[in-house]
Amino acid sequence: MTIKSTIFRPYDIRGIYPQEFNEDVAYRVSRSFCQKYWSAKKIIVAQDTRLSSPIIANAIIRGLVDADKQVIDIGIAPDPLFYFMIFNHKLDGGIMISASHNPKEYNGLMLSVKKPGAKMVLDIINDDLFKLRDLVLSDRKWPASRGKIGKVIKIQPEKEYLDYVARKIKLARPLKIVIDSSNGACGFLPEKIFKKLGCDVKTINGEFDGTFPNHLPDPYLEENLSDIKKAMRQYKADCGFCFDTDGDRVALIDERDRSASGDFCMLMLAREVLKKKKGPIIHDMRISKAVLDELAKQKVPTFFSICHHNAVIEEIIKRKAVFGGEITLHFLFPLDYYLCDDAVFAALKLAEVVSQQSSLAKYIDGLPYYPLSPEIFVDAPDDKKYQMIADFVKYLRKNNYDFVDVDGARINLKHGWALMRASNTGPMIKCRFEADTKEHLLEIEKEMLDLFKKTGLPITKKLYRDLGLC
Ligand SMILES: [Zn+2]
C-alpha cells in the first residue's frame, strides 16, 4: 500500500481509519521507531477509547515484540497513566494510540522516547518525527525477527497512580464536583481520586465509548461543555472538570456554569505555586497581559514559549521554572509532579484553589481581565504559512516594532498586543488581539488587520466583518 505522508504532522501521526491510517501503517511505524531508537528497551503502550484502537495497539505491540523490546501494555488509559508509568518506572519510551480530540473516524499515534544522552522522555516531534516518517515511507522490508523475541507484560497502573497522586494534594475542604470524561480514556479515574480525597463526585460520560455519542472530546470549545453545565446546575456542585479523550487537557467550570478561560486557570495555578516558592513562570504566546501584569507586580520573571508542551517543558528545565502552561488548558507543575501533561493532576491542583474559596464564581469575578478578540483564522497554505510569518517578522524588525518572535510574532502596542502565528495543525495563520479597553481593542484590530494586509497576508473583508469592524 502507499502511505500518505501527510498523516505525519509536526507533533503526531493522525489519519482516517482504515483508509489513511491502519494496522499496516502502525506496524511499520512501530518497527521504524525501534530501528531509529534502538537503545530504548522498555516501551509502554496505551490506547484511547476509539473503536479502532485495539487493532492498532495489536499491530504496534507486534512490531515492538518483533524488534525484541520489553512491552508494558496498560490497555485503555489516558495520558496521565501513560506518562506516570514512564516516569515512575523509568521506562525508555512509549506509544500512545489516540487521535486526541479528532472525530471518531480518525486514529493516530503519539510517540515518546528518551533519546541517547537526554535527561528525560519527551515526545518525538518535528524533524525527529519527519525522519521517522521517511523510514516508514521507505521500501524497507520488516521481517519478523527470528530467535530473540520481546516480551509483553500487562499492567493495571491505576492503584499505583491514585496512591502516588493523592499524597500530593491537600484540599482545604471536601468539594462537590461534577466530572465530564467525554467518553474518553479518563473514564472514572478522576472520580476515584477525588473520592479518595473525600469529595462528593458525580461523573457524566464516564463510560468508554469511542463513538463519542454525547459530544466531541474537546473541552477547549465551549460547544462541548453543555453537558457538564447542565449537570452543574442539576447537582449544585462547587466546580466541574471536563476532560478531553486522552486526558492531557481539562476545562474548569464554576458554580454559575461558566467555563474559566485558560488565562484564568493559569493565574489561579500560578498564584498557588508562588505561595510555595517564587520563581520563573513559562507561558505560551497567547497569554493575557492581565496575567503578565500581575506577575510583573510580584516581580516574577515570565518567559514566552513555543506553543507545544515539549517546548514548554524544555523552557521550564532551562529557566528552573516553578510553573508552566498554555492557555489551551495544558498545565505543568515542576515543583509537585513529573514534567508531563496530566490533566487529572491539573484538575486536582485547580481543586486545591477552589477548596480555599467559599465560591469559585466570586473568585473568578475578582480576577484581572482585559477585553480580548476571538481567535481569527487567516487561510494560509501549509507550504507558505511559515514563510509568511518570517516575512512579517522581517517587516516588523525593519520598522522598529516592539515584538516577541518565539512562535509567530506578538507585537506589543501602547494599549495592548496583537499576535499572529502559523497553526501547527492546519493551513492557516491564527491571530489574536487584546487591549486595555473595548475601544482600544477595536482600534488595535483595525490597525493590525490593515498592517497584515499591507505586508501581503490574505486578509479578507469577511475577517473585518467577523470582528465587527465594518
Ligand atoms: Zn488531548
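The following dialogue goes through a predicted model of one protein chain and asks how its descriptions are reached.

Student: What should I know about the numbering and the model before I begin?

Tutor: Residues are numbered from 1 along each chain as its sequence is written. The model is predicted, so that local features need pLDDT of at least 70 and side-chain atom pairs count only at pLDDT 80 or more, while totals for chains, interfaces and linings use all residues.

Student: What makes the protein chain as compact as a globular protein of its length?

Tutor: The chain has 15 helices and 20 strands, where helices (H or I, at least four residues) and strands (E, at least two) are DSSP runs numbered from the N terminus. Its radius of gyration is 22 Å, close to the 23 Å that the globule rule gives for 470 residues, and therefore it is as compact as a globular protein of that length. The radius is taken over C-alpha atoms, and the rule is 2.2 Å times the number of residues to the power 0.38. Along the principal axes, the C-alpha atoms fill a box of roughly 70 × 55 × 40 Å.

Student: Why is L329 called buried or exposed?

Tutor: A residue is buried if 20 or more other C-beta atoms, placed from the backbone, lie within 10 Å of its own, exposed if 12 or fewer, and partly exposed in between. L329 has 26 C-beta neighbours inside 10 Å, so it counts as buried. L329 lies in the loop between strand 14 (323-326) and strand 15 (330-332), and it has a positive phi of about 80 degrees although it is not a glycine. In the protein chain, buried residues make up 48% of the 470 residues.

Student: Why is A144 called buried or exposed?

Tutor: A144 counts as exposed because it has 11 C-beta neighbours inside 10 Å, and the definition calls a residue exposed at 12 or fewer. A144 is found in the loop between helix 4 (126-137) and strand 7 (151-154). The C-alpha atoms of A144 and H415, which are 271 residues apart along the chain, are separated by 63 Å.

Student: How do you know which class P18 and D68 belong to?

Tutor: P18 has 15 C-beta neighbours inside 10 Å, and so it counts as partly exposed. D68 has 15 other C-beta atoms within 10 Å, and it is therefore partly exposed. P18 lies in the loop between strand 1 (13-16) and helix 1 (23-36), and a cis peptide bond, with omega about 0 degrees, joins Y17 and P18. D68 is placed in the loop between helix 2 (53-66) and strand 3 (70-76), and its phi is near 70 degrees, a positive value in a residue other than glycine.

Student: What makes a group of residues a nonpolar core?

Tutor: A nonpolar core is a set of buried Ala, Val, Leu, Ile, Met, Phe, Trp, Tyr and Cys residues joined through C-beta atoms within 7 Å. The largest such core has 115 residues, and those with the most contacts inside it are I44, V250 and L350. Helix 11 (residues 343-355) gives the most to this core, with 10 residues. Apart from this core lies another, of 28 residues, among them I376, A380, A418 and F433. In soluble globular proteins, nonpolar side chains tend to be buried together.

Student: Which residues is L350 in contact with, leaving aside its neighbours within four places in sequence?

Tutor: Two residues are in contact if their C-beta atoms, placed from the backbone, lie within 7 Å. With those neighbours left aside, L350 is in contact with L252, C265, M268 and L269. Among contacts in the chain between residues at least 6 apart in sequence, 70% join residues at least 24 apart.

Student: How do you know where the domains lie?

Tutor: The bounds come from an automatic or database domain assignment, which gives domain 1 (5-156), domain 2 (161-253), domain 3 (262-365) and domain 4 (376-466). Taken over C-alpha atoms, the centres of domain 3 and domain 4 are separated by 25 Å. Their contact takes eight residues from domain 3 and 11 residues from domain 4.
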